[in-house]
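Here is a short report on how the strands and helices of one model are arranged. Please keep the structure in view while reading.

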Amino acid sequence: METEAAGFPDLREQFADWIGEIRGKLVHNQSMADITWFRVGGPVQLFFIPADEADLMHFLSKLPEEINVTIMGVGSNLLVRDGGLEGVVIRLSVKGFAKITVLETNHVQVGAAMPDIRFAHAMAKEGLDGFTFYRGIPGGIGGALYMNAGCYGTETKDRMVSLRGVTRQGEPIELTNEQMGYHYRKSNAPEGVIFTSAVYRGFEGDKDVLERRMRDLTATREESQPTKHKTGGSTFKNPEGQSSWKLIDDAGCRGLQIGNAQMSEKHCNFLLNLGGASAHDIETVGETVRQKVREKAGIDLVWEIRRMGKFEPGREVHEFLGEDVFIGKV
Ligand SMILES: Cc1cc2nc3c(=O)[nH]c(=O)nc-3n(C[C@H](O)[C@H](O)[C@H](O)COP(=O)(O)OP(=O)(O)OC[C@H]3O[C@@H](n4cnc5c(N)ncnc54)[C@H](O)[C@@H]3O)c2cc1C
């Protein structure tokens with residue numbers, strides 16, 4: 001959906017000159033509040049949904065180097081600031097990038113726009129074990145590959161064999177698990193690579209057992225997490241040997257609320273938009289929590305949620321709410 005927000009200058013005509021024919025969809029000033037889980041964020045100058053990998057490669061190969069490119073998945077781990085994003089945001093189309101191909105010896109290839117939950121169910125139907133953890137993660141495979149998403153003891157890195165992607169220059173690239181340099185909720189993927197598909201390895205399993213395991217996992221999640229809210233999942237990474245939720249609780253921040261943004265009562269490492277919050281409110285709650293945990297425990301929490309975009313003029317949020325430390329583009 002297009003917004004009439006203040007937004008950025010319309011580059012569509014210039015793009016037509018630069019890029020020529022594309023088969024995907026190009027939207028000017030797309031509101032990020034309409035498409036991220038938090039339901040906040042300003043406009044993006046140009047939003048591109050490529051039709052398929054060839055369309056993506058063509059687009060990137062013609063796009064001038066100085067234009068900023070951001071890739072997003074389904075936005076379940078993103079906090080986009082109220083001033084929006086300059087340049088292009090790309091989101092892969094489900095039609096062009098969500099194919100599943102079962103290969104030999106328990107391997108499977110999956111497109112990066114495939115939702116994790118659908119992938120988990122499809123693998124259970126195949127009787128391929130190793131993917132039930134994705135039932136708990138509401139993102140897409142591209143985001144999982146980037147974030148090394150995981151839960152209940154299994155992470156993306158434990159199953160992923162290799163991936164295919166496209167560089168900022170529009171060239172194809174293949175990367176092995178080792179080359180991704182995975183660690184906790186992080187990869188060392190080369191800057192700017194857009195993942196388009198990945199090969200995973202599972203192991204034989206029983207369809208009914210897998211479905212039952214996913215039902216149990218869903219029930220546990222719903223009991224312990226505010227899964228039906230506007231949120232970004234775990235806000236902060238767990239420091240080595242510690243739980244962020246416990247540090248937040250001990251610092252008295254369970255339920256902490258500023259405007260309509262709140263640290264969840266149910267799971268206090270989840271930030272919530274209670275309805276009508278701005279990105280500014282949400283980030284301010286996050287930095288308030290970091291400051292209080294620092295004061296109480298001497299630990300600096302690290303954001304797991306990816307923050308991006310510009311602040312609205314005069315509404316910057318400073319790290320630990322300090323005046324002297326400016327949080328720039330992260
Ligand atoms: C209720 C809730 C529960 C959650 N529980 C968990 C959990 O248990 N475990 C967990 O790990 N996470 C969890 N998350 C966080 C989130 O779902 C995961 O990080 C998920 O993998 C993000 O995928 P996404 O498609 O939404 O990516 P986005 O949020 O859109 O993007 C996340 C990052 O991935 C990059 N990215 C996305 N697609 C691509 C691509 N194709 N190529 C290259 N880079 C890409 C983006 O640039 C961005 O930096 C939860 C979130 C919510 C809202």
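## The sheet

This is a predicted model. Five strands form an open sheet in the order E6-E7-E13-E11-E12, and their pairing is antiparallel. E6 and strand E12 (172-176) are the edge strands, each pairing on one side only. From one strand to the next, the twist averages 15°.

## Strand E7 and its partners

Which two strands flank E7 in the sheet order? They are E6 and E13. Strand E7 covers residues 107-111 and is mostly covered, with four of its five residues buried.

On one side, E7 pairs with strand E6 (residues 100-102) in the antiparallel sense, over three bridges. Ile 100 stands opposite Val 110 in E7. The hairpin of E6 and E7 has four residues between the strands. Thr 105 in this hairpin takes a positive phi near 45°.

E7 also joins strand E13 (residues 194-201). Five bridges link E7 and E13, and the two run antiparallel. Val 110 appears again here, standing opposite Ala 198 in E13. Gly 111 has Ser 197 in E13 as its bridge partner. Val 110 therefore faces a residue in each direction: Ile 100 and Ala 198.

## Helices on the sheet

Which strands does helix H4 lie across? Helix H4 (residues 116-126) lies across E6, E7 and E13. H4 runs at about 25° to E6.

Helix H2 packs on the sheet as well. H2 touches strand E11 (160-166), E12 and E13. The direction of H2 makes about 50° with that of E11. E13 is thus a strand touched by H2 and also one that H4 lies across.

## The H1–H2 contact

H2 (residues 53-62) also meets helix H1 (residues 12-19). The axes of H1 and H2 come within 9 Å and cross at roughly 100°. Angles of 65 to 115 degrees count as roughly perpendicular, so H1 and H2 are roughly perpendicular to each other.

Which residues make this contact? From H1 come Phe 15, Trp 18 and Ile 19. From H2 come His 58, Phe 59 and Lys 62. The residues of the contact divide into four nonpolar, one polar and one charged.

Technical notes
Residues numbered from 1 in each chain as written. Predicted model: local features only at pLDDT ≥ 70, side-chain atom pairs only at ≥ 80, totals over all residues. Heavy atoms only, no water. Axes fitted to C-alpha atoms, helices over the stretch in contact; angles between N-to-C directions. Parallel < 35°, antiparallel > 145°, perpendicular 65-115°, else oblique. Contact = heavy atoms within 4.5 Å. Nonpolar A, V, L, I, M, F, W, Y, C, P; charged D, E, K, R; others polar. Buried < 20%, exposed > 50% of the residue type's maximum accessible area, 1.4 Å probe, protein only. Pairing = 2+ DSSP bridges.
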